[in-house]
Every structure is written in structure tokens, then in C-alpha cells.
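Work through the following exercises with the sequence and the coordinates at hand, and compare each step with the solution given.

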Amino acid sequence: MLGSILENVRRTRPLVHCINNYVTANDCAMIVLACGASPIMADEPEEAEEITARCRGLCLNTGTPDARRAASMLAAGKRANALGLPVVLDPVGAGASRFRTELVRTLLGGVRFAVIRGNVSEIRVLAAGTDAAGGVDADAAVTEGNLASLTAFAMEFARRTGAVAAMTGAIDVVTDGKTAYLVRNGHPEMRYVTGAGCQLSALTAAFAAANPERPLEAAAAAVCTMGLAGELAYRRMKPEDGSASYRNYIIDAVRNMTPERLEEGADYEMR
Amino acid sequence: MLGSILENVRRTRPLVHCINNYVTANDCAMIVLACGASPIMADEPEEAEEITARCRGLCLNTGTPDARRAASMLAAGKRANALGLPVVLDPVGAGASRFRTELVRTLLGGVRFAVIRGNVSEIRVLAAGTDAAGGVDADAAVTEGNLASLTAFAMEFARRTGAVAAMTGAIDVVTDGKTAYLVRNGHPEMRYVTGAGCQLSALTAAFAAANPERPLEAAAAAVCTMGLAGELAYRRMKPEDGSASYRNYIIDAVRNMTPERLEEGADYEMR
Amino acid sequence: MLGSILENVRRTRPLVHCINNYVTANDCAMIVLACGASPIMADEPEEAEEITARCRGLCLNTGTPDARRAASMLAAGKRANALGLPVVLDPVGAGASRFRTELVRTLLGGVRFAVIRGNVSEIRVLAAGTDAAGGVDADAAVTEGNLASLTAFAMEFARRTGAVAAMTGAIDVVTDGKTAYLVRNGHPEMRYVTGAGCQLSALTAAFAAANPERPLEAAAAAVCTMGLAGELAYRRMKPEDGSASYRNYIIDAVRNMTPERLEEGADYEMR
């Protein structure tokens with residue numbers, strides 16, 4: 001089933017508007033191309049909405065934020081909503097500064113997201129904006145030990161926001177509040193690749209753009225694709241290879257991913 | 001003959017000022033270094049003209065545009081004109097938004113370009129600014145079927161603007177309005193490398209900077225070098241390699257290009 | 001001894017705030033991760049100080065400068081000083097424009113630096129701000145021939161600024177004004193890697209963040225690590241490899257560096 005999600009990306013080659021931090025913009029563009037979609041990076045308020053209107057999906061990434069990019073994100077997000085295009089939020093660094101936290105809350109208040117992709121800490125900061133009760137440790141990572149409680153948290157967050165939550169860590173939880181995919185693909189070496197999370201968010205936007213009626217499956221397929229690419233890339237590693245070669249191998253693996261390999265390699269259970 | 005163009009780059013190591021989008025800036029700097037020249041990236045209006053004045057060439061790339069970068073491009077372009085330095089325009093995304101279209105038209109109105117390097121759609125948007133008649137399909141790619149009409153279009157564009165037109169696609173047309181190089185180097189996999197066009201424009205600026213009296217030959221040599229590098233890089237591809245390794249192999253191939261290899265591998269006809 | 005510096009980075013995984021140019025930001029983030037530390041890139045004045053306060057070190061890089069980034073650098077630097085965190089300055093392009101020269105002088109006047117890492121020309125521009133006498137050729141590179149006089153110059157600069165000077169070239173001079181490390185690691189191919197100097201500065205910030213009481217040894221260890229990585233990376237080069245593969249191999253080598261390899265491979269003398 002996840003294979004058909006990728007097939008749709010390859011077949012329709014959707015154009016995806018990315019308002020992305022400048023650190024990982026190149027890798028995000030590369031991975032969008034690698035999966036079969038086409039990226040446009042544009043963050044100027046004078047053109048943001050217009051660019052969005054030419055695209056089939058939008059990815060908002062809050063790394064290296066500034067006032068100009070923030071204004072573009074809000075305007076582009078609203079336009080995408082008006083046009084019925086899926087919008088993905090990557091709340092990079094939510095909680096690291098008041099500026100970022102306010103930015104993600106403004107976005108959450110003004111834009112309906114198809115998917116929100118972040119780590120536990122980031123999702124928790126967003127959740128606190130709509131439910132101050134919280135109760136999840138800000139520094140928690142998803143592990144077998146806390147999987148049940150974090151899954152319940154992610155499902156509740158998804159129900160409140162109306163977005164698919166893709167909460168990633170050692171185990172990834174992807175849920176629309178009713179169904180949850182628990183994904184065990186990936187490799188620990190991925191944390192040495194800067195912007196692996198940003199890349200996943202851009203990939204998710206591409207998958208959602210080609211599958212606008214199925215955001216849950218699109219997000220699950222993107223999470224499995226990225227994790228499986230991380231596994232396949234790690235198998236190529238020679239003794240002298242390190243994180244830079246690994247980064248390239250991951251993008252290579254997405255370029256070479258097929259629906260069949262994705263179906264075979266996806267390691268998830270549904271709850 | 002094209003080999004001597006590259007030889008001049010290697011011998012004189014010209015400094016090239018690049019006002020570039022942030023997505024592909026690193027790759028553009030890498031390819032300028034790889035060909036033997038030296039890049040300076042600077043986009044702040046307070047220093048743009050001064051940086052240009054220290055250089056031997058200028059490349060203006062309109063990706064991820066904003067008002068600040070636009071002001072720098074215009075000022076730097078005018079300064080380069082005043083100093084007689086070759087200026088290359090890469091009208092990235094011309095036509096994708098009013099902001100970009102107005103920016104490229106402002107640049108075209110205020111700066112004399114040695115070379116304008118873009119795809120058919122982008123060149124057409126620029127041409128419409130000086131000749132609204134148009135008639136070339138905005139979505140057209142250069143193919144054997146429309147080669148004659150697109151060559152005529154590019155030649156007319158070059159005559160009107162006084163710039164060498166480097167209109168790239170499956171076949172590349174490089175012309176000063178009198179002579180046209182039709183270049184068949186390159187590989188389809190290059191479209192999976194984000195910013196391959198940006199890299200070619202930066203390379204063209206380096207080649208023009210080292211050969212200021214021969215912009216047509218400089219542009220043709222850059223187009224052949226990039227395309228040939230794409231071919232050589234593709235021959236290195238192992239089964240597990242994908243677009244990220246390919247991107248590196250292209251830059252590697254430019255670093256290892258020699259005048260002899262360029263002469264041998266350049267695949268063009270003149271009309 | 002230098003091995004223990006790296007050991008401390010790996011053991012404590014310090015968070016490092018980088019205000020970096022957009023051209024080399026990704027590589028700088030990659031090398032900070034590769035050495036075992038963790039980067040945060042943030043350049044917005046509204047969050048810069050707050051991000052700094054969450055970190056253990058700060059790196060200020062003046063490439064692609066603008067007014068916004070300049071304000072962030074000054075504010076973040078002052079905050080780091082107030083908190084006792086080590087700050088590294090990379091005065092990229094000092095002397096290339098009045099804007100950059102004034103920026104580095106403002107930073108030098110307002111922030112106490114643990115380490116200043118630049119080439120001879122850049123360090124000279126900074127030195128002229130505090131001692132207009134100068135006397136060192138702006139275009140000089142450190143070579144065996146001028147090593148003694150440039151070492152004396154760097155030591156004097158370190159004494160005046162109170163910062164460790166890391167003046168890099170064919171030979172690197174690292175000094176606190178009393179002791180000097182003369183480092184002969186590195187490879188000429190490194191000049192084809194854009195931002196190799198930026199990467200070294202970010203690495204230095206990571207090393208200083210984990211060893212705040214030993215900025216001289218931290219800078220010397222970072223210089224040796226980067227140079228040794230350049231040597232190890234060069235040994236991996238296959239005939240078709242070029243500067244892009246080389247760039248990846250350098251980061252790979254930092255990821256695979258061990259305290260033992262660093263101790264064995266570091267090629268320096270102390271004066």
C-alpha cells in the first residue's frame with residue numbers, strides 16, 4: 001500500500017514549494033528531486049503566495065527563521081489552505097527561543113496542516129500551545145519503554161490539530177488520531193547528518209502533494225522511505241566512509257527506491 | 001579552440017563575484033573553484049559594488065530573490081558594466097512570479113550582459129519584455145524537432161539584447177546572434193541535480209572572466225564542459241549510486257577536466 | 001595531549017551556536033556533528049542571544065554579511081562573554097569591503113574572543129585596527145621563509161587582543177602570545193574545497209566549547225584535526241575523484257578521527 005504512494009509521486013511529479021532554512025535547503029531540494037517530485041525554494045513575501053499557487057504542496061520549515069521568512073510562511077500557508085493543497089510543518093527548534101516558539105504557534109493558529117513532522121520536544125512545544133497540561137518530558141525520545149504513552153500523546157495532538165502527527169525518534173509514530181503507524185526503520189548514524197529531519201519533512205510534503213487525499217499514508221510512506229534509505233545507505237558504508245558519504249548515500253537510496261523495495265523494507269506496525 | 005578558453009581560466013585564476021540564491025551557493029562556489037577560478041559570494045548592497053570592483057567577472061542568479069539581493073544585483077551589474085567586466089545572468093524562475101519577472105526585466109533594462117544562461121521558458125520571459133510577440137511555447141524544451149525555430153529565436157534574442165544567449169535543454173543553443181553553437185553534451189540524470197543550471201551559469205561567469213573578449217566561445221566552452229562533466233560523471237555511476245553521488249562526480253569531473261579532454265569530448269556543431 | 005581535547009568533545013557533546021554565512025553553513029554543521037558536538041545555526045537578532053545562552057560555545061563567521069546578521073553577531077558575542085562561553089571569530093573576507101572590515105573591527109571592539117581563526121590577510125586587517133603600523137604583506141601566505149616573522153606577528157596580535165590567534169596557510173600558526181604551535185598538517189587540495197576555513201573555525205568552536213579552560217590547546221587540536229583529515233582524505237582519492245568527493249572525505253575523516261589517530265598524526269612543533 002505504501003508503494004502506491006511512492007508510485008503516485010513518480011507518476012505525477014508534483015511541484016512542491018519549500019520555505020526552508022538555508023542550512024539544509026540544498027539537501028531538501030535534492031531529496032525532493034530524488035523521490036521524483038520537483039522543488040521550488042522561495043521565501044520572499046512578495047512572491048510566496050504566488051509560488052504556492054503554482055504548486056501541489058507546501059513545506060514550512062522554521063530553521064534559521066527571520067521576520068521575512070515568517071511572514072512568507074503564514075501567507076503561503078493560508079493560500080495553500082484556500083487552494084486545498086497539503087501543507088507540512090517542520091517546527092525546527094520550537095522551544096529553543098521565544099521567537100521560534102511564537103512562530104510555530106502563529107503558524108499552528110493560522111494554517112491547517114496536513115502533516116506536522118517533528119521530534120518529541122518540538123511536538124510537545126506545539127501541544128503546550130493548545131493544551132498547557134503537557135505531561136510529556138521535553139527531552140524524551142521515543143523508545144520501547146515510553147512508546148505507549150507517547151503514541152497516546154501523538155494521537156491526542158493529531159486529534160486536536162486535525163493534522164497527521166509524524167513524531168520521529170528511534171521509533172517513529174505517525175498518526176491521524178485514529179490509526180497509528182509505529183515505524184522502526186532508520187539507523188542511529190542518521191543523527192550525524194545535519195537536516196535529516198528537514199529532508200524527511202520535504203519528502204513528506206512531496207508524498208502528500210502527490211497523494212492529497214491520503215495524508216496519513218503519505219506521511220507513513222515518507223517516514224518509512226527515509227528510514228529505509230538510511231538503512232540501505234548504511235550497508236554501503238566502507239570503513240573510511242563517514243557522515244558526509246552517508247548523507248549522499250541516503251539521497252542516492254531515495255533516488256533508487258522503488259515501490260517494491262519500499263513495500264519489502266518498510267518496518268512498521270499499525271495500532 | 002574551446003580548450004584554450006579553459007586554459008585561460010586555469011592560468012589566470014580569475015576572481016568571480018557571485019550573487020547567488022542560497023540553495024545552490026555552495027555547489028556554485030565548488031564548481032568555480034573546480035574549474036580553476038575563485039569565487040566570492042556577497043549579496044549585501046553595502047558591499048556589493050565594492051566586491052565587484054575587486055573581481056574579473058560577475059554572476060547574477062535570481063533564485064530565492066528578495067529586495068536586498070535584487071538591489072545588490074542591479075548595483076553590482078552597473079558597476080561591472082562601468083569597469084568593463086563580463087556579467088552573466090541566470091534568470092532562475094523568471095515567469096514563476098511577478099516579483100521574479102520584474103526583477104529579471106529590471107536587470108535586463110539596467111545592465112548589459114555578456115551572457116544570459118537559462119532554459120527556454122526563462123529566456124522566453126525575458127524576450128517577451130523586449131518583444132511581446134513571442135510565439136515560442138513557454139513549456140518547450142529544445143529538441144531535434146524544434147531546434148531550428150528555437151535557434152532562430154535565441155539568435156534574435158541575442159541580437160536584441162546584445163548578450164550571448166545560452167539556452168539550455170536536451171540540446172543547448174549558444175549564440176551571439178550571428179553564430180550558433182548547438183551542443184549535445186550532457187545526460188538526462190542531470191535534471192536530478194538541483195542547481196545544475198546555476199552551476200553552469202557560475203562556470204560560464206568564470207570562463208567569461210578569464211576570456212572577456214570572447215564571450216561566445218566562453219559560454220560555449222562552459223556549456224560543453226558542464227555537459228561533458230555530466231557524461232563523464234555518469235560513466236562512474238555504480239548501481240547503488242544516485243543523484244547525490246552524481247552531483248559530486250560532476251564537480252569532480254570539472255576539477256579533472258583538461259583542455260585536451262574538453263576538445264575531444266565537446267559535442268557541438270556550429271550554424 | 002591534543003587527543004584529550006577531542007575526547008572531551010566526544011564525551012560532552014557541546015551545543016555550539018553558529019552564526020555563519022549561508023554558503024558553507026551545511027558543511028559547518030556537518031563537521032560540528034562529525035567531531036561529536038552539536039550545532040545550532042541561528043542568525044535572527046530576535047533570538048540570537050537566547051540561542052547563545054542555551055549553548056556552550058559560539059562561532060561568528062563574517063561571510064555573506066548583512067546588517068541583520070551583524071547585529072546578531074554582536075549581541076550573541078556579548079551574551080557569550082557575559083556567560084563565560086568561548087567565542088570564535090572567523091573574519092571571512094576582512095579587507096574585501098569596508099562593510100566587512102568595519103564589521104570585524106566592531107566585533108573585535110565589542111566582544112572578547114577565545115580564538116580568532118583566519119588567513120594572514122584577514123588577521124592583518126584585524127591587527128591594523130589595533131596597530132596601524134602593520135608591516136606584514138597583505139597577500140603573504142605562511143611559508144618556511146617568512147615563518148619566523150609571521151609567528152612573531154601572530155604572537156603580538158594574540159597578546160594585544162587577548163585571543164588565541166589561529167593564522168592558517170601552508171603552515172598554521174596557533175598562539176596565545178606566549179606559546180606557539182606551528183602546524184604542518186594539511187594538503188594543498190584543500191584550497192579547492194569552499195569553506196574549508198569556515199569548517200575549521202566551526203570545529204575550533206566545538207573544541208573550545210568542550211575545553212573552555214584550554215583555548216590554545218583546543219585551537220591547536222582543531223587545526224591539527226582538520227589538517228590531518230585533509231591528509232587522510234587525500235589518501236582515499238581515486239583517479240576520477242576531485243574536489244567534491246574530497247570535501248566529503250574530509251568530513252568523513254573527522255567523523256572517524258580518534259584521539260589516538262590525532263595524537264599520532266598531528267604534525268606540529270611548539271615554540
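**Exercise 1.** Identify which residue of chain C forms a salt bridge with B:Glu50, and state how far apart the closest N and O atoms are.

*Solution.* In this predicted model, the partner of B:Glu50 is C:Arg98, and the closest N and O atoms of the pair lie 3.7 Å apart. Since the cut-off for a salt bridge is 4 Å, the pair qualifies. Across the whole interface of chain C and chain B, the rule finds six salt bridges, and 20 residue pairs are in polar contact, both residues being at pLDDT 80 or more.

**Exercise 2.** Describe the side of chain C that touches chain B, beginning with its secondary structure.

*Solution.* Helices α5 (98-110) and α10 (243-255) of chain C each supply at least two residues to this side, and the largest share, five residues, comes from α10(C). By character, the residues of this side divide into ten nonpolar, nine polar and nine charged. Turning to area, chain C and chain B bury about 2,500 Å² between them, with 45% of it on carbon and sulfur atoms; in chain C, the residues that lose the most area to chain B are C:Tyr22, C:Tyr192 and C:Glu240, which together account for 25% of what that side buries.

**Exercise 3.** Determine the strand order of the nine-stranded open sheet in chain A, and explain what sets its edges apart.

*Solution.* The order is β2-β1-β3-β4-β5-β6-β7-β8-β9, with mixed pairing. Strands β2 (38-41) and β9 (268-270) of chain A stand at the edges with a single partner strand each, so one side of each has no neighbour in the sheet. Within this sheet, β7 (residues 172-175) and β8 (residues 180-183) of chain A run antiparallel and are joined by four bridges; A:Val173, for example, has A:Leu182 in β8(A) as its bridge partner.

Technical notes
Residues are numbered from 1 along each chain as its sequence is written. Chains are lettered from A and ligands numbered from 1 in the order in which they are written. This is a predicted model: local features need pLDDT of at least 70, side-chain atom pairs count only at pLDDT 80 or more; totals for chains, interfaces and linings use all residues. Side-chain values use heavy atoms; hydrogens and water are left out. Buried area is the accessible area (1.4 Å probe) that two parts lose on being put together, summed over both. A salt bridge is a side-chain nitrogen of Lys or Arg within 4 Å of a carboxyl oxygen of Asp or Glu. A polar contact is a pair of N or O atoms within 3.5 Å; within protein, one must be able to donate a hydrogen and the other to accept it, and residues adjacent in sequence count only if both atoms are side-chain atoms. Ala, Val, Leu, Ile, Met, Phe, Trp, Tyr, Cys and Pro count as nonpolar, Asp, Glu, Lys and Arg as charged, and the others, Gly among them, as polar. Two strands pair if DSSP finds at least two bridges between them.
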